[in-house]
Each structure stands twice: as C-alpha cells, then as structure tokens.
Amino acid sequence: MTPRGKTRRIRRRSLATRLAWLFGTMMVVILLLVGGTNLVTGYRGRQQEIIRGQQAQAAQVATIIDLEVERVVEEMRIFVHSQDLMAMSVADTILNLQRFLKNFALCDEAALLDTNGRERARVTQQRIYSPDELIIRGYPDYMQAVLGGAPYAISGVRWSEGGTKVLIAVPTRTLAKDITGVLVVQLDIGRLWDERIISRLGIGRGGYAYLVNPNGAIIACDDRALTATRTDVSTLPPVTAFRRGQAEGAVGRYVGLKGVPVIGIQTTVPSTGWGIVVETPVALAFADIRRMTAWLVTLLGVALLVSIALGTLFSRRLVRPLQELRRAAMEIGEGRLDYAIEIRTGDEVEDLAEAFTQMARRLKESYDEIEGWGRELEVKVAERTQELATAVETQARLLETIRRMSTPVVPVYEGIVVMPLVGLIDAKRAQTMTHSLLAGIERHRTRVALLDVTGVPTLDETAARCFVHMTRAARLLGTEVVLVGITPQVARTLEALGIDLATLMTRTNLQSGIEYALRRMGRRVTVESQKRERHRVGKIAAKR
C-alpha cells in the first residue's frame, strides 16, 4: 500500500518506445521476408545459371576438340589420297610434309613410316630430321590400329618439355587401296587449348576448365605447371564421375583443382575419350549474391533507422495526448475534479478527453452533493448519538433500579429481613443478590434472613450454588438464612442436580418462615401477632 497522494512508479518502456520498436520490427521482418525470399530465389537461379553456362562451355570445348581432330584427320586423309607418298623420293616426301605442317599451326611434327614401323621421313615446323636421326617406332597401338584397317588412330597423351602432345595416324594406300605406310602427325594439345579454347571461350576469367585423360591426369589447363608435372586429379568428384563413365552433368559443390570451393561439371570428348571439367569458384559465382546480401543488410539498417525515426515521430504524436490524459486521470484521482483537459487532435483521443472532462464534471457534482449529504448526516448522527447516549444513560439507571427492585431486602421484624425473588436467576443476578443480601444484613443488623423463592419458576445449578454461597457468607456475619416457598418443580430440579442443601434451612412458605424466625429470636407467637404477621406478609406479597 502506498500513502495517499503518492504513486509507485514502475520502470518500464514508454508506449512511444514500444510503438517505435514495433514499427521498426515490422519493417525489418517484412524486408527480411522479401529480401530472404529474393536471396534464396537468386541463389538458386544463379546456381542453375552457372551450371547451364558451364555445361554450354564444356560442350563448346568438346566440340572444338572434336572438330579440330576431325579436321586434322580429314586433311591427312586428303593429303595421303591425293598422292602416293611411299612412291616419292625422300626429298619430295619431306617437301610435301613441310607444306602440310604449314597449313596446320597446331601440328608441330609429321612423319612417314613404312609398314614395319621405320621412319622414312620426319619434319617439324622448325627442322628436318636427317636419315641418321630417323628411328624405328615399331608397332605401337596406333600403328596396329591403322595397319589393321582403321581409318585413323589416336595415340595416348605424351608429355614433353614443349607440353602435352598426341599422335594422329592415317594409313597411306596405293591406287589399289593397299596399305603401304602410315602418316603420323603430332598435335600440340597445349596450343590447341590456349589458342582455340581459352582465347575464344574466355574460360579462366572467373571460372576455369581443364582436360584429363582416362587415367585422371591433367592434359591441358591454364596452369602449365600442373600439366608438366602430370598432376593426378582422379580423386576430384567430377574426374571420378568421368572415369566411372557416369553421364555428363553437374557434380555440385566440392573443393576444386585450386583448393577452393567450386561448382563444377564434367563431360566427355567423344573423338578422343578425354574428360573436360569446368569449375567456377563459389566466391566468384555468388559474388553478386553477396553484394545483394550486403545491400540488403545495409537496406535493413537504413530501414530500421528510418522506421524507428518515423515510428518515434508518429508514436509521439499519438502518445502526447495519451500522456495528457494520464496526467488528467492522476489529477482527477488526487481530487482535482476541476482539472481542465486541453487536447485538440480532432480524432477519437479528443473525444476521449471530452468524455474525461464530462466524467470529472459529473464526479464533482456528485462529490459536492455527497458532501452536502455528509454534513446533513453528520448533524443527524450527532443528534441521534446524543439521543442514544441519553437513552443509554436512562436505560442504565432503569436497569440499576430494576436490579435493586429485583433483589429487595425488606425488614419485617427487628433482626428479621425478607428477600423476595421473582423470575430466573443467572450468574450476574446471583452476584447482585449476594451483594444486596449482605448489605441488608449489615444495614438492618439481621439475625435471620428469609429468601422467598415462591416467584422463581425453576433453579439451575448456578442458582442453587448461589444460595449455598449466600448462606455461608451470611453465617460469617452471624445471620441464619432460611429458604422459603420451594415449589415441587424446584425441589425436583435440586434433587436431580445433586446439590447438597443439608446446611440450608427451608420452610414451606413465607408465613412459616417468619414464625420460625420469631421463635429463633425468642418471641412468642400469639393469635394477634399472627394476624399482624399475616397483614405484614400480605404487604410483602403485594410488593412482590
């Protein structure tokens, strides 16, 4: 409980602050929902776009390699079918081989072999091999394939200081279609990758691609060091999928060739059986998404500040009238019913203020009316209180008189008194009876006291014990107490209660009691004295 006029203030946020935060929170939630949805949608769309772009690039790389290989094979076939190289002199053969290499900048070496695998002529873009430098190649896989009737054959990848190479073999025939030898051309895969793929497709700016053989070794990529060292990448997910013969497609996220998270796909070059892997670093792939996220965070911060500012402005315009209403309610609550509320908003708040003003006016009228009633009531209460005090005083005097009259001590002879009793006897009346009897005994110098219980309808244990106590107290003053007028009902009650009345003298009625008292006083009882006694008893009875 707080004292009147004092209020206990609980620390809490104001309505304006809560409204500002609510407004700001709503704006942030809306922006988060919209921005989050856009980010998720943009992320998924960007990932699909990247995968589609990688698939298109991989398909273009495979197409370029296939076309280049097919073009070289086709030119080689035309070259060997247009002339009988084995029938020419070595000098003419060398001259024709040089002319062939000039038309194919990606082919850096050409050689003509007989069916035994012996080189008949061999030239490069820069030099001509002398007869002493010619070797016997024997029957490698590509020679066996061509001599066995294949239109062309491609050897496995060869690593050298100049890069990775591959040999393409085409059989030479006579006009009768008999195989007389094999034309072998060395294709530079590194130059093919750099000049036909990297420069045309732009792979390497952000994303990158690399070419692997069926064993998982790098054949070509933008890093020559990886190619020169025959780096084994067979454990990378796309290369593993390629080696297992899985269908081309996206592999998903993984740690790529350069040790960073990437999104990659793999596909196969049909003509050579090589694998192409295209990878895009996640950081670069989703750079625009990250920029969008940063922009969204910035926008959220700005939106939060703006929404809090606007919420604070609007809430203050709303809260100021409410604060005035609160102040008015406190003033009215403290008793200032004439407090004037000045709110001019033109809306429901102003209507509420008017209602407060009318309520205060009615409360003041009611309070004034109640105060008038209170003053009138105070006067009436004072008057009534005085009347009740007078009545209580009168009643007290009357009760005292009644108590005295209910236990009178009447002298009938010198030394003899009678106490007539009427009505029920309770503990309080028994105490009054004892006090009155002892006072009467002392006042009248009584030797015999007669207690007349003729008017007592019944006695209880309290009244019976009272008589015993009165007898004992009177004896201490030298007075004998005689109980007269006991009715049969009272006698049965005393018997049922088991009260010992052996020490109490009893007589049938008042007359016999007076006669007993006179004899105890040593006086003679004559006829005339009996008449006088009857007359006195009649007066006592009349008083009762």
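This note goes through the confidence, one sheet and its helices in a predicted model.

1. Confidence. The structure is a predicted model. Mean pLDDT for the chain is 80, with 85% of the residues at 70 or more. Strand S2 (residues 119–124) has the highest confidence in the chain, at 93, and helix H14 (residues 527–543) the lowest, at a mean of 57.

2. The start of the chain. Over residues 1–11 pLDDT stays under 50. For this stretch the model has four contacts beyond four places in sequence.

3. The sheet. Five strands form an open sheet in the order S12-S13-S14-S15-S16, and the pairing is mixed. S12 and strand S16 (505–507) are the edge strands, each paired on one side only. From one strand to the next, the twist averages 30°.

4. The S12 edge. Strand S12 (residues 410–413) pairs with strand S13 (residues 416–422) in the antiparallel sense, over three bridges. Pro 411 has Val 417 in S13 as its bridge partner. The hairpin of S12 and S13 has two residues between the strands, and in this hairpin Gly 415 takes a positive phi near 85°.

5. The S16 edge. Here the pairing is parallel: strand S15 (residues 480–484) is joined to S16 by three bridges. Opposite Val 484 stands Arg 507 in S16.

6. Helices on the sheet. H10 lies across S12, S13 and strand S14 (448–455), and runs at about 165° to S13. Helix H13 (residues 510–521) also packs on the sheet, where it touches S12, S13, S14, S15 and S16. The direction of H13 makes about 175° with that of S14.

7. The H10 and H11 pair. Two packed helices are described by the angle between their axes and the distance between the axes. For helix H10 (residues 427–444) and helix H11 (residues 461–476), the angle is about 20° and the axes are 10 Å apart. H10 is therefore roughly parallel to H11, since angles under 35 degrees count as such. The crossing in which H10 passes H11 is right-handed.

8. The contact between these helices. Which residues of H10 meet H11? They are Ala 427, Ala 430, Met 433, Thr 434, Leu 437, Leu 438 and Ile 441. On the H11 side, the residues met are Thr 462, Cys 466, Phe 467, Met 470, Ala 473 and Ala 474. How many residues of the contact of H10 with H11 are nonpolar, polar or charged? Eleven are nonpolar and two are polar, with no charged residue in the contact.

Terms used:
Residues are numbered from 1 along each chain as its sequence is written. This is a predicted model: local features need pLDDT of at least 70, side-chain atom pairs count only at pLDDT 80 or more; totals for chains, interfaces and linings use all residues. Side-chain values use heavy atoms; hydrogens and water are left out. Axes are lines fitted to C-alpha atoms, for helices over the stretch in contact, and angles run from 0 to 180 degrees between N-to-C directions. Helices (H or I, at least four residues) and strands (E, at least two) are DSSP runs, numbered from the N terminus. Angles under 35 degrees count as roughly parallel, over 145 as roughly antiparallel, 65 to 115 as roughly perpendicular and the rest as oblique. A crossing is left-handed if the near helix is turned anticlockwise from the far one by less than a right angle, and right-handed if clockwise. Contact means heavy atoms within 4.5 Å. Ala, Val, Leu, Ile, Met, Phe, Trp, Tyr, Cys and Pro count as nonpolar, Asp, Glu, Lys and Arg as charged, and the others, Gly among them, as polar. Two strands pair if DSSP finds at least two bridges between them. pLDDT is the predictor's confidence in each residue, from 0 to 100.
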